[in-house]
Amino acid sequence: MQARMTLLQQPNGWMMTNESGIMPMEFNVLIDPDKIAEKTAGGLYKPQDTADREKHQQTKGTIVALSPLAFNADIYPTDAPKPQPGQRVAIALHAGAFIKGADGKEYRMVKDKDITALIDGGM
């Protein structure tokens, strides 16, 4: 199941709506992690413990929402573009916590410093 996100055109560009019901606070960023395969390459279903381990090792996803303080610390360059909702990112291994949204989907809440890169040009 994909996260329910909608892109809306605004006068200053595109904005993504957050339908998870989760609003990050402080320096947190809400990520929709990429889906992991339920089956092996040979077509066998993976055991639950293997699927759980892979879920926690997932390092790619899409930004759903971020707090107003994210990427605003003194150490973040003022001239650098800040990641925005809808951008694909790489995150640190085992970073953050999992949280279930109002839409029933499981998201990952990470600190802004745990986002390590923009992927595919960010979109």
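Me: Is threonine 116 buried or exposed?
Reply: Happy to start there, keeping in mind that this is a predicted model. Threonine 116 lies in strand β8. Its relative accessibility is 53%, and the cut-off for the top class is over 50%. Threonine 116 therefore counts as exposed.

Me: Which residues does threonine 116 touch, leaving out those up to four places away in sequence?
Reply: One useful pointer is isoleucine 91, which is 25 residues from threonine 116 in sequence. In space, the two C-alpha atoms are 5.3 Å apart. With residues up to four places away set aside, threonine 116 touches Ala90, Ile91 and Ala92.

Me: Which strands are the edge strands of the open sheet?
Reply: Let's walk across the sheet: six strands form it, in the order β6-β7-β3-β4-β5-β8, with antiparallel pairing. The twist averages 45° from one strand to the next. An edge strand here pairs on one side only, and that describes β6 (97-100) and β8 (115-118).

Me: How many bridges pair strand β3 with strand β4?
Reply: Strand β3 covers residues 28-33 and strand β4 residues 60-66, and they pair in the antiparallel sense. Within this pairing, leucine 30 has alanine 65 as its bridge partner, while valine 29 stands opposite leucine 66. The number of bridges between β3 and β4 is five.

Me: What is the bridge partner of asparagine 28 in β7?
Reply: Strand β3 is also joined to strand β7 (residues 106-111), by four bridges, and the two run antiparallel. Asparagine 28 lies in strand β3. Its side chain also makes a polar contact of 3.4 Å with the side chain of a β7 residue that is its bridge partner. That partner is lysine 111.

Me: Is asparagine 28 buried or exposed?
Reply: The surroundings are worth a look: asparagine 28 touches Leu66, Ser67, Ala70, Met109, Val110 and Lys111, not counting residues up to four places away in sequence. Its side chain also reaches the backbone oxygen of methionine 25 at 3.0 Å. The relative accessibility of asparagine 28 is 15%, so it counts as buried.

Me: How many of the residues of β3 are buried?
Reply: Take the two faces of β3 in turn. On one side Asn28, Leu30 and Asp32 are buried, and on the other Val29, Ile31 and Pro33 are buried too. Both faces of β3 are covered, and the count of buried residues in this strand is six of six.

Me: Which elements give two or more residues to the largest nonpolar core?
Reply: In general, nonpolar side chains in soluble globular proteins tend to be buried together. Here the largest nonpolar core has ten residues: Val29, Ile31, Ile63, Ala70, Phe71, Val89, Ile91, Ala95, Val110 and Ile115. A second, separate core of six residues includes Ile22, Leu30, Ala65 and Met109. For the largest core, the elements giving two or more residues are β3 and β5 (88-91).

Me: Which residues does phenylalanine 71 touch, not counting those up to four places away in sequence?
Reply: Phenylalanine 71 is one of the residues of the largest nonpolar core. Two of its contacts, Val29 and Ile115, belong to that core as well. The full list of residues touched is Val29, Leu66, Tyr76, Lys82, Pro83, Asp112 and Ile115.

Me: How many residues apart in sequence are the parts tied together by arginine 88 and aspartate 34?
Reply: A search of the whole structure finds seven salt bridges. In one of them the side chains of arginine 88 and aspartate 34 meet, at 2.8 Å from N to O. Aspartate 34 is partly exposed, at 26% relative accessibility. Arginine 88 lies in strand β5 and aspartate 34 in the loop between β3 and α1 (48-57), so the pair ties together parts whose separation in sequence is 54 residues.

Me: Which residue forms a salt bridge with lysine 55?
Reply: The closest N and O atoms of this pair are 3.0 Å apart. Lysine 55 sits in helix α1 and its partner in strand β7, 51 residues apart. Lysine 55 is partly exposed, with a relative accessible area of 24%, and the partner is partly exposed at 31%. That partner is glutamate 106.

Me: Which residue meets glutamate 54 in a salt bridge?
Reply: Glutamate 54 is partly exposed, with a relative accessible area of 26%. Its salt bridge spans 2.7 Å from N to O, and the other side chain belongs to lysine 46.

Key
Residues are numbered from 1 along each chain as its sequence is written. This is a predicted model: local features need pLDDT of at least 70, side-chain atom pairs count only at pLDDT 80 or more; totals for chains, interfaces and linings use all residues. Side-chain values use heavy atoms; hydrogens and water are left out. Two strands pair if DSSP finds at least two bridges between them. Axes are lines fitted to C-alpha atoms, for helices over the stretch in contact, and angles run from 0 to 180 degrees between N-to-C directions. Buried means under 20% relative accessible area, exposed over 50%, partly exposed in between (1.4 Å probe, protein chains only). A polar contact is a pair of N or O atoms within 3.5 Å; within protein, one must be able to donate a hydrogen and the other to accept it, and residues adjacent in sequence count only if both atoms are side-chain atoms. Contact means heavy atoms within 4.5 Å. A nonpolar core is a set of buried Ala, Val, Leu, Ile, Met, Phe, Trp, Tyr and Cys residues joined through side-chain atoms within 4.5 Å. A salt bridge is a side-chain nitrogen of Lys or Arg within 4 Å of a carboxyl oxygen of Asp or Glu.
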